[in-house]
Amino acid sequence: MRPLRYSINVTLDGCCHHEAGIAPDEESMRYWTAEMQRADALLFGRVTYEMMESAWRQPATGTWPDWMGAWQIPFAETIDRAKKYVVSSTLNGVDWNAELVRGDLEQAVQRLKQEPGEGLFMGGVTLPLALADLGLIDEYVFVVQPVLAGHGPTLLTGLRERIQLELVDRHEFRSGVIALRYRPTRATA
């Protein structure tokens, strides 16, 4: 069974808005590229899918936009070519190498996890909360930003039950960012 890995940037006060942390640099982009390469597919909710598509989909011209530095291109190429699954009840269709996930969420994600492969990568806010409540997340990666945001969406707000985690890896960046990798120590209800 391939593991479901939830990865997200989070500030010290728990904010997980994509603009709340420090701007990505070359080192962090290498890290995120490697994280995505550990997976066979990406699992997103509608909001995260649309945000990622607007930023990282290769233009029809085949040329990356001028704002993108050479150090961002490996990440852009990785996410652009990745297989994507999108959980949405409002979208009628998706493209960008994606397919819609419909029906019972727990059953659908269990089916995806049963497929052979190295893993599923998931980001976002709403979908991870639902899957954490279902006990379907096998690994949590919190990339902790040395920032106090003071406002914005917070990590896993509304979680029904406490999930005990065990630290399995830690990576410190020159910028002061720390990536913490955890696995649940027990199943959740």
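## An eight-stranded sheet, its ring pairs and its largest pocket

Strands β3 and β4 run parallel and are joined by four bridges. Strands, like helices, are DSSP runs numbered from the N terminus, where a strand (E) has at least two residues and a helix (H or I) at least four, and two strands pair if DSSP finds at least two bridges between them. The structure is a predicted model, in which local features need pLDDT of at least 70 and side-chain atom pairs count only at pLDDT 80 or more, while totals for chains, interfaces and linings use all residues. Residues are numbered from 1 along each chain as its sequence is written, and side-chain values use heavy atoms, with hydrogens and water left out.

### The sheet

The pairing of β3 and β4 belongs to an open sheet of eight strands, which follow one another in the order β4-β3-β2-β5-β1-β6-β8-β7 with mixed pairing. Because β4 (98-101) and β7 (165-172) stand at the edges and each have a single partner strand, one side of each is left without a neighbour in the sheet. On average, neighbouring strands of this sheet are turned by 25° against each other, direction ignored; for such angles, axes are lines fitted to C-alpha atoms, for helices over the stretch in contact, and the angles run from 0 to 180 degrees between N-to-C directions.

The table sets out some of the strand pairs, each with residues that stand opposite each other.

| Strand pair | Bridges and direction | Opposite residues |
|---|---|---|
| β2 (residues 41-45) and β3 (residues 83-87) | five bridges, parallel | G45 and V87; L42 and K84 |
| β3 and β4 | four bridges, parallel | K84 and A98 |
| β6 and β8 (residues 178-184) | five bridges, antiparallel | V144 and I178 |
| β7 and β8 | seven bridges, antiparallel | L167 and Y182 |

K84 thus appears in two of these rows, since this residue of β3 stands opposite L42 and also opposite A98 in β4.

### Turns between strands

The loop between β3 and β4 holds W96 as well as N97. Phi of W96 is near 60°, a positive value in a residue other than glycine, and N97, which is not a glycine either, has a positive phi of about 60°. W96 has a relative accessible area of 4% and is therefore buried, whereas N97, at 40% relative accessibility, counts as partly exposed; here buried means under 20% relative accessible area, exposed over 50% and partly exposed in between, computed with a 1.4 Å probe on protein chains only. At the other edge of the sheet, the hairpin of β7 and β8 has five residues between the strands, and G176 in this hairpin takes a positive phi near 100°.

### Aromatic pairs

Rings of Phe, Tyr and Trp (its six-membered ring) pair if their centres lie within 6.5 Å, and planes under 30 degrees apart count as stacked, over 60 as edge-to-face and the rest as tilted. By this rule the count comes to nine aromatic pairs. In one of them, the rings of W56 and W67 have their centres 5.9 Å apart and their planes at 65°, so the pair is edge-to-face. This pair links distant parts of the chain, eleven residues apart, with W56 in helix α2 and W67 in the loop between α2 and α3 (73-81). W56 is buried, with a relative accessible area of 11%, whereas W67 is exposed, with a relative accessible area of 51%.

The ring of W56 also pairs with that of F75, and because their centres lie 4.8 Å apart with the planes at 75°, this pair too is edge-to-face. Here W56 in helix α2 is linked to F75 in helix α3, 19 residues apart, and W56 and F75 are both buried. Elsewhere, ring pairs link Y6, Y140, F142 and Y182 into a cluster.

### The largest pocket

Rolling a probe the size of a water molecule over the atoms shows where empty space is left. A pocket is an open set of points on a 1 Å grid over the protein atoms alone, where a 1.4 Å probe fits, with protein on both sides within 12 Å along at least five of seven lines, and its lining residues have an atom within 4 Å of a point. The largest pocket has a volume of about 1,200 Å³, a volume being the space filled by probe spheres set on the points, which are joined across faces, edges and corners. This pocket is lined by 49 residues, of which N9, H18, T48, M51 and M52 lie nearest its centre. Among the elements that each supply at least two residues of this lining are β1 (4-11), α1 (26-37), α5 (126-133) and β6 (139-145), while α2 gives the largest share, eight residues.
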